[in-house]
Amino acid sequence: MAAVKSKNTAPEIIARRAAHRLGLRFRIHGRGLPGRPDMVLPKHRTVIFVNGCFWHGHEGCDRSRLPKSNVAFWTEKISRNRLRDSRSRTRLEEMGWRVIILWECEIRTLEAASARISVEMPLTRRRSAGGSKSIATKVGRTKRSTEKPPAISKLPTKLSRRRLSR
Ligand SMILES: [Zn+2]
């Protein structure tokens, strides 16, 4: 994917800010991983791709409409990109990574990007659920069953429960 777009595009920067605001730790430009994900979150075994709608052929999206000239050329080019994307995704998933795709059109604002990432990440979903006790408890339980190191996951869970029971 890195081959078809420049680094540090506006959507990438929004996605990074959103992840940072959610308290996620990540590296950028995952060299050595299939498709070179834009963000790598090793602690969550998660990678994030920020895809431009045109270059990556976002289906049903206005921004992915092809130019009127050289239709064959563009069709071929975009479908090759899509094929490469889907192969990278498959390989990453086989390696045990969770793959999150953020489309440029979905993350026009910081709020939208935060919401999209929260939906995909169990940890941040708990945090953004905030007020409701039942949701927090439920997700806390789910969280414990994941493969995260217990020393790290236990503490915030206990803390947030104590805070909620006040
Ligand atoms: Zn789109």
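In this predicted model, helix α1 (residues 10-21) lies across β1, β2 (39-41), β3 and β4, and runs at about 145° to β3. These four strands form an open sheet in the order β1-β2-β3-β4, with mixed pairing. At the edges stand β1 (27-28) and β4 (98-103); each has a single partner strand, so one side of each is left without a neighbour in the sheet.

Strands of a sheet pair through backbone hydrogen bonds, in either the parallel or the antiparallel sense. Strand β3 (residues 46-51) pairs with β4 in the parallel sense over six bridges, whereas β2 and β3 run antiparallel and are joined by three bridges. Some of the facing residues are listed below.

| Residue | Stands opposite or bridges to |
|---|---|
| Met 39 | Ile 48 in β3 |
| Ile 48 | Ile 100 in β4 |
| Phe 49 | Ile 101 in β4 |

Two connections involve β3. With β2 it forms a hairpin that has four residues between the strands, and Arg 45 in the turn has a positive phi of about 45°. With helix α2 (residues 71-94) and β4, strand β3 makes a right-handed β-α-β unit.

Six of the six residues of β3 are buried, so this strand is largely enclosed by the rest of the structure. Thr 46, Ile 48 and Val 50 point one way from β3, while Val 47, Phe 49 and Asn 51 point the other way.

Helix α3 (residues 110-120) contains Ser 118. Ser 118 counts as partly exposed because it has 18 C-beta neighbours inside 10 Å. Its C-alpha atom is separated by 9.4 Å from that of Ala 18, although Ser 118 and Ala 18 are 100 residues apart along the chain.

Conventions:
Residues are numbered from 1 along each chain as its sequence is written. This is a predicted model: local features need pLDDT of at least 70, side-chain atom pairs count only at pLDDT 80 or more; totals for chains, interfaces and linings use all residues. A residue is buried if 20 or more other C-beta atoms lie within 10 Å of its own, exposed if 12 or fewer, and partly exposed in between; C-beta atoms are placed from the backbone. Two strands pair if DSSP finds at least two bridges between them. Two residues are in contact if their C-beta atoms, placed from the backbone, lie within 7 Å. Axes are lines fitted to C-alpha atoms, for helices over the stretch in contact, and angles run from 0 to 180 degrees between N-to-C directions. A crossover is right-handed if, with the strands pointing away from the viewer, the path from the first strand over the helix to the second runs clockwise.
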